[in-house]
Every structure is written in structure tokens, then in C-alpha cells.
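Student: I keep reading words like "buried", "contact" and "pocket". Could you walk me through how such words get earned?

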Amino acid sequence: MGLLIKFKGKSIEEIRSYLEFTADYIIQGKIIGFPTDSVYGLGGNPQNLDVINKIFDIKFRDRSKGLLLLVSDIEEAKKVAQFNPLAELLAKSFWPGQITLILKRKEPNIIPPELTAFKDTIGLRVPHNEIILEILRILKSQLNFGGIIGTSANYSGEPPSVSGDEVAKKFLSPIDLIIDSGKSISKIPTTIVDCSSESPKFLRIGAIKEEDIYNVLDRENLSGDGASNK
């Protein structure tokens with residue numbers, strides 16, 4: 001049975017030792033449940049193929065569908081993905097925050113191809129949630145990569161979990177550690193934008209709207225129907 005640690009109302013400094021413990025768990029190949037900017041997620045070391053396979057199994061997820069990554073900053077994202085001017089602009093404008101960017105994978109790559117379902121693209125986001133962001137920063141300082149798998153804490157096709165307790169009721173046996181910071185404040189999903197070409201392709205509209213993105217593109221003279229260098 002996994003551990004359930006409740007952090008509601010605690011500051012980062014108060015729980016830092018627990019976050020370092022969580023980072024150690026991830027390094028060891030453990031699976032964790034954690035709060036994000038919206039719903040709760042499941043994650044682990046994205047460089048560990050056993051962890052990748054276990055998360056697919058826990059969620060009963062189709063292996064033809066890739067998993068997304070959460071990273072500590074754009075510097076870490078650039079270790080695994082290629083950034084064109086469109087992606088650079090959206091990352092600088094909306095990260096940390098509720099936007100996932102789909103980018104071309106770098107090759108060779110430190111991330112096994114199984115994570116992205118052997119596709120040539122990879123999904124990345126820098127979260128705003130201070131708990132998971134601090135864990136990512138700790139991982140960056142201890143490993144060669146400050147990133148974790150970040151997928152919703154639910155069985156495929158079911159609604160995502162919105163609290164640590166809910167994750168525990170669904171998954172406590174196969175998950176090694178669950179961080180509970182209370183109920184999700186926002187249940188609005190993240191926006192997903194494919195930036196693998198020079199024009200944005202909206203795969204899901206969530207907290208960040210199309211108009212927010214086009215306003216940024218217009219302001220920087222990057223047009224939505226053919227973004228390129230100024």
C-alpha cells in the first residue's frame with residue numbers, strides 16, 4: 001500500500017523535506033500521484049522504461065497514445081524537444097502555466113520512444129503549481145533532467161481525480177506515494193497546442209483560450225496562419 005501525505009495549507013518551506021523525499025522516490029523508479037494546475041496527475045521518471053510501462057498499465061491506457069511531460073523550465077524542455085519561433089514565444093508567454101506544447105522530439109533523445117508512442121513529437125508543460133514545480137526543480141539539481149511524466153490520475157476514459165483522497169481511493173495499491181494538497185481549485189483542463197510546424201494547431205482548448213494565444217502572436221508579428229521569424 002502506498003503513502004498518502006497531506007500538505008494542504010503548508011508552505012513550500014514547511015514541506016521541503018517531504019518534497020526532497022518525493023524526488024528521491026521518483027529517482028528510485030516509484031510512481032507518484034500529485035496536484036497540478038487543474039486536476040491530479042500520475043507521474044514518475046520519464047527516462048525509466050519500467051515506469052513508463054507501469055503507468056500505461058495502471059491507467060489501462062492505449063499504448064498508441066503518448067504520455068506528456070512536466071518540466072521545471074524551458075531549459076529542460078529544450079533537452080528533449082526542438083523549439084521553433086512559435087514554440088519559443090508561447091513558452092515564454094505562458095509558462096509556467098496551463099498550456100501544453102506539442103513539439104518535435106530531439107534525436108537522439110534521453111526519453112524512450114515508448115513514452116511518445118514512437119511518434120516524432122513530444123508534449124511538454126511547465127506547471128504553475130508550486131508543489132510539483134519545486135519537485136521538478138529538485139530533480140533538475142539531482143539528475144540530468146528536471147522532468148516527470150504528467151498524466152491525469154484516472155483510468156482511461158473516466159473523469160480525472162480532483163483530490164489526493166480521490167486518487168487514493170482509485171489507485172492506492174499500485175501507486176507508491178500520493179501528495180494531497182486538497183481539492184483542485186480549477187478543474188478546467190490545460191490547453192494543448194501543436195507547435196511542431198510554424199502554425200499553431202489547437203488540439204484542446206482549456207484555461208488558455210485561442211484569442212489569448214493569437215493576441216500574443218499578433219503582438220510579436222507572428223501570424224496564426226504561418227508563424228515565422230520577424
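Tutor: Sure, and keep in mind that this is a predicted model. Let's start with Gln-98, whose side chain reaches the backbone oxygen of Ile-188 at 3.2 Å.

Student: What makes that a polar contact between Gln-98 and Ile-188?

Tutor: The cut-off for a pair of N or O atoms is 3.5 Å. The side chain of Gln-98 is 3.2 Å from the backbone oxygen of Ile-188, so the pair is within 3.5 Å and counts as a polar contact. Along the chain, Gln-98 and Ile-188 are 90 residues apart, yet their C-alpha atoms are separated by 9.2 Å.

Student: Where does Gln-98 sit, and which helix comes before that loop?

Tutor: Gln-98 is in the loop between helix H4 (85-94) and S6.

Student: Why is Gln-98 called buried or exposed?

Tutor: Buried means under 20% relative accessible area. Gln-98 has 17%, so it is buried. Leaving aside neighbours within four places in sequence, its contacts include Asp-37, Arg-125, Pro-189 and Ala-207.

Student: How do you know whether Asn-129 is buried or exposed?

Tutor: Apply that cut-off of 20% again. Asn-129 has a relative accessibility of 16%, so it counts as buried. You'll find Asn-129 in the loop between strand S7 (121-125) and helix H5 (130-142).

Student: Which backbone atoms does the side chain of Asn-129 pair up with?

Tutor: One is the backbone oxygen of Thr-36, 3.4 Å from a polar atom of that side chain. Another is the backbone nitrogen of Ile-132, at 3.2 Å from a polar atom of the Asn-129 side chain. Not counting residues up to four places away in sequence, Asn-129 touches Pro-35, Thr-36 and Asp-37.

Student: Does a pocket turn up around there? I mean, which residues lie nearest the centre of the second largest pocket?

Tutor: Pro-35, Thr-36, Asn-129, Ser-181 and Ile-185, out of 21 lining residues. That pocket has a volume of about 360 Å³, and helix H1 (12-27) and H5 each supply at least two residues of its lining. By class, the lining has 7 nonpolar, 9 polar and 5 charged residues.

Student: And what is the volume of the largest pocket?

Tutor: About 750 Å³. Of its 37 lining residues, the closest to the centre are Leu-68, Gly-150, Thr-151, Ser-152 and Arg-204. S7 gives the largest share of the lining, 4 residues. The lining divides into 13 nonpolar, 16 polar and 8 charged residues.

Student: Let's do a helix. What makes the buried residues of H2 lie on the same side?

Tutor: First, the list for H2 (residues 49-59): Val-51, Ile-52, Ile-55, Phe-56, Ile-58 and Lys-59 are buried. They cover an arc of only 165° around the axis, which puts them on the same side of H2. In general, an α-helix has 3.6 residues a turn, so residues three or four places apart point the same way.

Student: What covers the buried residues of H2?

Tutor: The cover includes strand S3 (40-43), strand S8 (147-149), strand S9 (151-152) and helix H6 (164-171).

Student: Last one: how do you know that Asn-48 caps the N-terminal end of H2?

Tutor: Look at the distance. A side-chain oxygen of Asn-48 lies 3.0 Å from the backbone nitrogen of Asp-50, so the pair is within the 3.5 Å cut-off. After H2 comes Phe-60, whose phi is positive, near 55°.

Technical notes: Residues are numbered from 1 along each chain as its sequence is written. This is a predicted model: local features need pLDDT of at least 70, side-chain atom pairs count only at pLDDT 80 or more; totals for chains, interfaces and linings use all residues. Side-chain values use heavy atoms; hydrogens and water are left out. Buried means under 20% relative accessible area, exposed over 50%, partly exposed in between (1.4 Å probe, protein chains only). The arc is that of the directions from the helix axis to the C-beta atoms. Contact means heavy atoms within 4.5 Å. A polar contact is a pair of N or O atoms within 3.5 Å; within protein, one must be able to donate a hydrogen and the other to accept it, and residues adjacent in sequence count only if both atoms are side-chain atoms. On a 1 Å grid over the protein atoms alone, a cavity is a set of points where a 1.4 Å probe fits but cannot get out, and a pocket is an open set with protein on both sides within 12 Å along at least five of seven lines; lining residues have an atom within 4 Å of a point. Grid points are joined across faces, edges and corners, and a volume is the space filled by probe spheres set on the points. Ala, Val, Leu, Ile, Met, Phe, Trp, Tyr, Cys and Pro count as nonpolar, Asp, Glu, Lys and Arg as charged, and the others, Gly among them, as polar.
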